[in-house]
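Visitor: I would like a close look at a single part of this structure. Please take me through the place where the ligand sits, and then outward from there.

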Amino acid sequence: MRLLVVGRLSGQLAAAVKMAMAHGAKVSHVERTDQATEQLRRGQGADLLMVDYNLDIGALIAANDAERIFVPVVACGVDNDAEKAAAAIRAGAKEFIPLPPDADLIAAVLAAVADDERPLISADPSMQAVIKLADQVARSEASILITGESGVGKEVMARYLHQQSKRAERAFISVNCAAIPDNLLESELFGHEKGAFTGAVARRIGKFEEADGGTLLLDEISEMDARLQAKLLRAIQERVIDRVGGTRPVPVNIRILATSNRDLAKAVAEGTFREDLLYRLNVVNLRLPSLRERPGDVAVLADHFVKKYAAANGVPARPLSQDARRALAAHRWPGNVRELENAMHRAVLLAVGAEIDAEAIRLPDGQPLTGAIAGSDAGPAARAAQTADAVSRAYVGQTVAQMEKTLILDTLTHCLGNRTHAANILGISIRTLRNKLNEYSDEGTRIMAPQTGIATSAYGANAA
Ligand SMILES: Nc1ncnc2c1ncn2[C@@H]1O[C@H](COP(=O)(O)OP(=O)(O)OP(=O)(O)O)[C@@H](O)[C@H]1O
Ligand SMILES: [Mg+2]
């Protein structure tokens with residue numbers, strides 16, 4: 001991931017930068033906030049801004065917003081001033097990192113924002129067959145559509161394709177079409193010229209140009225509106241793009257990958273997706289099987305995630321017990337690899353003793369996986385029914401809002417109050433998590449404080 005550090009490089013900030021680099025971040029640095037915006041506008045992108053809290057973070061975020069540039073900001077500060085930390089969070093920073101930096105906190109923040117190093121782990125024959133196909137097409141220039149249920153690893157596959165491609169040494173740029181509002185997505189993808197709209201104070205280079213020479217991943221492409229679909233089609237067919245407000249087409253050289261967890265043929269039939277665009281994107285289709293369809297992957301993935309989260313949390317990687325392995329194999333994994341990953345993350349934090357026992361592997365509602373499997377000699381169908389039954393018994397009688405609250409508070413407890421970890425496991429932004437916690441706190445619920453000294457007061461300013 002690319003980190004842009006904004007502020008004077010004091011000894012402490014430099015130490016944080018070193019840690020980030022040790023975790024694989026590519027770091028660049030500017031002293032002032034206007035230089036940061038300028039660098040982003042030129043298409044020298046960053047996945048995360050780390051900004052000294054003495055600078056005007058609110059103004060920086062407002063300037064980026066006005067130019068439709070979306071990069072999350074974390075604040076950092078040396079003199080441990082809780083007021084300034086709180087002000088930075090109020091101004092829109094997603095997280096506060098007290099300096100001198102804590103290696104674990106830096107690692108967690110980087111991991112929460114982006115992790116490029118996500119190897120494609122697999123042992124099951126059905127997944128091996130997909131990987132074989134991927135290997136065959138990776139080195140071509142063909143557009144590839146990656147489909148599959150939520151959480152099966154579509155983005156991981158996209159990165160894998162890029163790494164195996166002739167463009168591996170060039171940029172891999174990913175745009176989540178579902179996360180960005182339609183009117184802003186156009187600028188994000190195609191860039192804009194000075195004066196294209198109020199706030200367009202200078203030319204801004206979009207993701208197509210940023211990805212020039214490399215690969216552009218259009219994530220969740222089904223969410224793109226009709227007008228942008230037309231613009232995208234032109235970009236793919238003619239290899240030129242039009243910046244918003246621009247008068248001359250700009251040539252681009254990119255390989256396009258797209259993902260969807262919706263059935264695009266159905267979207268075409270319903271008239272929400274262009275048929276010609278589908279044909280252009282779907283030169284090759286890689287359909288990733290759900291985790292239920294590849295039982296041979298569960299154990300290798302579980303072992304991988306145990307190692308990953310043990311390392312991230314600075315605890316020894318304990319082996320999974322036989323019981324734990326049985327429980328993992330019996331579960332249905334409706335949330336696929338993401339659900340397995342989150343369960344193993346929790347297990348690493350919850351496990352006591354020499355092995356990770358079945359008891360430590362919990363569903364998000366806190367129920368152990370084992371509770372759902374009575375009688376291990378029941379057939380798969382019976383086990384599935386029992387699992388479904390146990391899950392609905394835990395849910396029935398609760399409103400969705402209550403379930404959500406239980407899930408959020410339990411996850412926070414599992415993460416020892418660490419907001420970044422909790423938001424990561426829950427799959428929501430830290431801002432959303434904070435808003436929810438403020439809501440619960442207003443209702444009189446006690447919220448577990450994060451364990452990193454000054455961050456407590458930053459959140460506590462609103463939450464306590
Ligand atoms: N084969 C794999 N090996 C290692 N990790 C994986 C694999 N597949 C998925 N993961 C992990 O599972 C999580 C979900 O994967 P990913 O984001 O690629 O899924 P997705 O299909 O894009 O999900 P969504 O439809 O929700 O966007 C990620 O944290 C990813 O690192
Ligand atoms: Mg995805």
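Guide: Start with Ser150. An N or O atom in the side chain of Ser150 is 2.9 Å from an oxygen atom of ligand 1. This is a predicted model, so every distance here is computed from predicted positions. Asn261 also reaches the ligand with its side chain. There, an N or O atom is 3.2 Å from an oxygen atom of ligand 1. Val156 does it with its backbone. A backbone N or O atom of Val156 lies 3.1 Å from a ligand oxygen. Now look at the cover. Taken alone, ligand 1 exposes 630 Å², and the protein buries 92% of that.

Next, the shell. It holds 18 residues around ligand 1. The closest are Ile121, Gly151, Lys154, Arg338 and Glu341. Sort the shell by class and you get eight nonpolar, four polar and six charged residues. Helices contribute to this shell. H7 (154–164), H13 (298–313) and H15 (336–350) each supply at least two of its residues.

Stay with H15 for a moment. Asn336 is found in this helix. Its phi is near 60°, a positive value in a residue other than glycine. Most residues other than glycine have a negative phi, and most peptide bonds are trans. Asn336 counts as buried because its relative accessibility is 0%, and the cut-off for buried is under 20%. Trp333 lies in the loop between helix H14 (322–330) and H15. Trp333 also has a positive phi, near 50°. Its relative accessible area is 1%, so Trp333 is buried.

Go back to Val156, and find Pro119. Pro119 touches Val156 and His304, not counting residues up to four places away in sequence. The place of Pro119 is in the loop between helix H5 (103–113) and H6. How far apart are the C-alpha atoms of Pro119 and Met157? They are separated by 9.1 Å, with their positions 38 residues apart along the chain. Is Pro119 buried or exposed? Neither: Pro119 counts as partly exposed, because its relative accessibility is 46%, and that class runs between 20% and 50%.

On the other side of that loop is H5. Before H5 comes another loop, which starts after strand E5 (95–98) and holds Pro100. A cis peptide bond joins Leu99 and Pro100, with omega about 0°.

Met157 leads on to Ala134. Leaving aside neighbours within four places in sequence, Ala134 is in contact with Met157, Tyr160, Leu161 and Leu286. Ala134 sits in helix H6, residues 125–138. Its relative accessibility is 0%, so Ala134 counts as buried. The chain also brings Val284 toward this part. Ala134 and Val284 are 150 residues apart along the chain, yet 9.2 Å separates their C-alpha atoms.

Now step outward to the nonpolar cores. In soluble globular proteins, nonpolar side chains tend to be buried together. The largest core here has 33 residues. Phe208, Leu218, Leu232 and Phe273 touch the most other members. Several elements build this core. E7 (172–176), H8 (182–190), E8 (215–219), H10 (226–238), E11 (255–260), H11 (264–269) and H12 (275–281) each supply at least two residues. H10 gives the largest share, five residues.

Follow one core residue, Leu232. Beyond its neighbours within four places in sequence, Leu232 is in contact with Phe190, Phe208, Leu218, Ile221, Met224, Ile256 and Leu277. A second, separate core has 26 residues, including Ala302, Ala310, Ala358 and Leu369.

Phe190 takes us to H8. This helix is mostly covered, with seven of its nine residues buried. Among them are Leu184, Leu185 and Phe190. Their cover includes E7, helix H9 (207–210), E8, H10 and strand E9 (240–241). Just after H8, Gly191 takes a positive phi of about 75°.

Finally, zoom out to the whole chain. It has 20 helices and 12 strands. Of its 464 residues, 50% count as buried. Take the contacts with a separation of 6 or more. Residues 24 or more positions apart account for 70% of them. The chain exposes about 20,600 Å², and carbon and sulfur atoms supply 51% of that.

Definitions and conventions
Residues are numbered from 1 along each chain as its sequence is written. Chains are lettered from A and ligands numbered from 1 in the order in which they are written. This is a predicted model: local features need pLDDT of at least 70, side-chain atom pairs count only at pLDDT 80 or more; totals for chains, interfaces and linings use all residues. Side-chain values use heavy atoms; hydrogens and water are left out. A nonpolar core is a set of buried Ala, Val, Leu, Ile, Met, Phe, Trp, Tyr and Cys residues joined through side-chain atoms within 4.5 Å. Buried means under 20% relative accessible area, exposed over 50%, partly exposed in between (1.4 Å probe, protein chains only). Helices (H or I, at least four residues) and strands (E, at least two) are DSSP runs, numbered from the N terminus. Contact means heavy atoms within 4.5 Å. A residue is near a molecule or strand if one of its heavy atoms lies within 4 Å of it. A polar contact is a pair of N or O atoms within 3.5 Å; within protein, one must be able to donate a hydrogen and the other to accept it, and residues adjacent in sequence count only if both atoms are side-chain atoms. Accessible areas come from the Shrake-Rupley method with a 1.4 Å probe; for residues, only the protein chains shown count as cover. Ala, Val, Leu, Ile, Met, Phe, Trp, Tyr, Cys and Pro count as nonpolar, Asp, Glu, Lys and Arg as charged, and the others, Gly among them, as polar.
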